[in-house]
Amino acid sequence: MQIVNADIERYLASFYRSDPQLTQVAAEGEALQLPIVNPAVGQFLESLVIATGTRRVLEIGTANGYSALWLARSLPADGRIFTIEIDPERARVARGHFARAGLSERVSVVVGDAARMVHKVAGPFDLIFNDGDKQQYEPLLDRLVTLLRPGGVLVTDNVLWDGEVVPGLVTPPRKDPADTAAIAAYNHRLAADDRLATSFVPLRDGLAVSVRRRRA
Ligand SMILES: C[S@@+](CC[C@H](N)C(=O)[O-])C[C@H]1O[C@@H](n2cnc3c(N)ncnc32)[C@H](O)[C@@H]1O
């Protein structure tokens with residue numbers, strides 16, 4: 001199910017600033033059937049990086065590097081992004097894109113299971129983009145909050161899951177019910193978490209934007 005009306009998506013698409021490399025990486029992602037974000041989300045991430053003065057980013061779920069490219073390009077020259085990917089071939093492809101963009105110095109691709117790798121990276125991070133295994137969202141939350149600086153932002157993708165988190169909206173469901181249940185539980189957990197101020201933004205497939213409270 002498309003969350004935002006298709007005509008409105010097309011209208012908004014005319015305002016996004018992509019470039020030949022981003023367009024090529026997006027096309028490659030589509031050809032490889034990778035569930036990457038779109039320019040609307042890329043530009044939203046860029047705005048968050050600038051607004052928060054972000055220098056250090058952690059991403060979970062690199063795929064072919066599309067969202068990481070948006071993030072890396074938004075960072076100041078001494079900024080750094082660590083992006084975790086379980087699939088070595090995807091990590092290899094992504095590294096190639098970062099090299100072509102002249103951003104290899106700014107991006108570290110960490111190959112492995114995020115459940116383990118989030119304990120190998122050192123915080124604090126100014127921004128975390130969580131876009132990996134949906135069933136890891138809830139189990140990883142405490143670690144990610146710990147890695148986030150006070151005032152930092154945790155952005156979680158796919159929180160609307162094609163509308164399937166809304167009970168009875170999509171019948172019959174097309175998604176793995178275990179993933180749907182995991183995201184639905186995660187959304188409740190985020191909303192109730194006093195360490196975070198969370199807004200659910202119906203952009204593309206839904207983003208949760210959680211700011212770590214300074215007193216948390
Ligand atoms: C939704 S895609 C990421 C898309 C990317 N953020 C973008 O928008 O350009 C999710 C990625 O997470 C990876 N992934 C799945 N389970 C993982 C895990 N346990 N640890 C690390 N990465 C994982 C998948 O291989 C896949 O490439």
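Isoleucine 3 lies in the segment before helix H1 (6–13). The model described here is predicted. Isoleucine 3 has a relative accessible area of 28%, so it counts as partly exposed, a class that lies between under 20% for buried and over 50% for exposed. What is isoleucine 3 in contact with, leaving aside its neighbours within four places in sequence? The contacts are Leu160, Asp162, Gly163, Pro202, Arg204 and Asp205. Glycine 206 is 203 residues away from isoleucine 3 in sequence, yet the C-alpha to C-alpha distance between these two residues is 7.9 Å.

**The sheet**

Seven strands make up an open sheet with mixed pairing, and their order is E3-E2-E1-E4-E5-E7-E6. Strand E3 (107–111) and strand E6 (196–201) are the edge strands, each pairing on one side only. From one strand to the next, the twist averages 15 degrees.

Strands of a sheet pair through backbone hydrogen bonds, in either a parallel or an antiparallel sense. For strand E2 (residues 80–85) and E3, the sense is parallel, and the pairing runs over five bridges. Within this pair, threonine 83 stands opposite valine 109 in E3.

**Helices across the sheet**

Two helices that lie across strands are set out below.

| Helix | Residues | Strands it lies across | Angle |
|---|---|---|---|
| H5 | 88–100 | E2 and E3 | about 175 degrees to E3 |
| H7 | 137–147 | E1 (56–60), E4 (125–130), E5 (148–157), E6 and E7 (207–212) | about 150 degrees to E5 |

Helix H5 thus lies across edge strand E3, and helix H7 lies across edge strand E6.

**The nonpolar cores**

The largest nonpolar core has 33 residues, and Leu71, Ile81 and Phe129 have the most contacts inside it. Helix H2 (20–31), helix H3 (39–51), helix H4 (66–74), H5, E3, E4, E5 and E7 each supply at least two residues of this core. Which element gives the largest share of this core? That element is H4, with six residues.

Leucine 71 touches Ile81 and Phe129, the other two residues named for the most contacts inside the core. Further residues touched by leucine 71 are Leu45, Val49, Val57, Glu59 and Leu127; residues up to four places away in sequence are not counted.

A second core, separate from the one above, has 24 residues. Among them are Leu58, Met117, Val159 and Leu196.

Terms used: Residues are numbered from 1 along each chain as its sequence is written. This is a predicted model: local features need pLDDT of at least 70, side-chain atom pairs count only at pLDDT 80 or more; totals for chains, interfaces and linings use all residues. Side-chain values use heavy atoms; hydrogens and water are left out. Two strands pair if DSSP finds at least two bridges between them. Helices (H or I, at least four residues) and strands (E, at least two) are DSSP runs, numbered from the N terminus. Axes are lines fitted to C-alpha atoms, for helices over the stretch in contact, and angles run from 0 to 180 degrees between N-to-C directions. Contact means heavy atoms within 4.5 Å. A nonpolar core is a set of buried Ala, Val, Leu, Ile, Met, Phe, Trp, Tyr and Cys residues joined through side-chain atoms within 4.5 Å. Buried means under 20% relative accessible area, exposed over 50%, partly exposed in between (1.4 Å probe, protein chains only).
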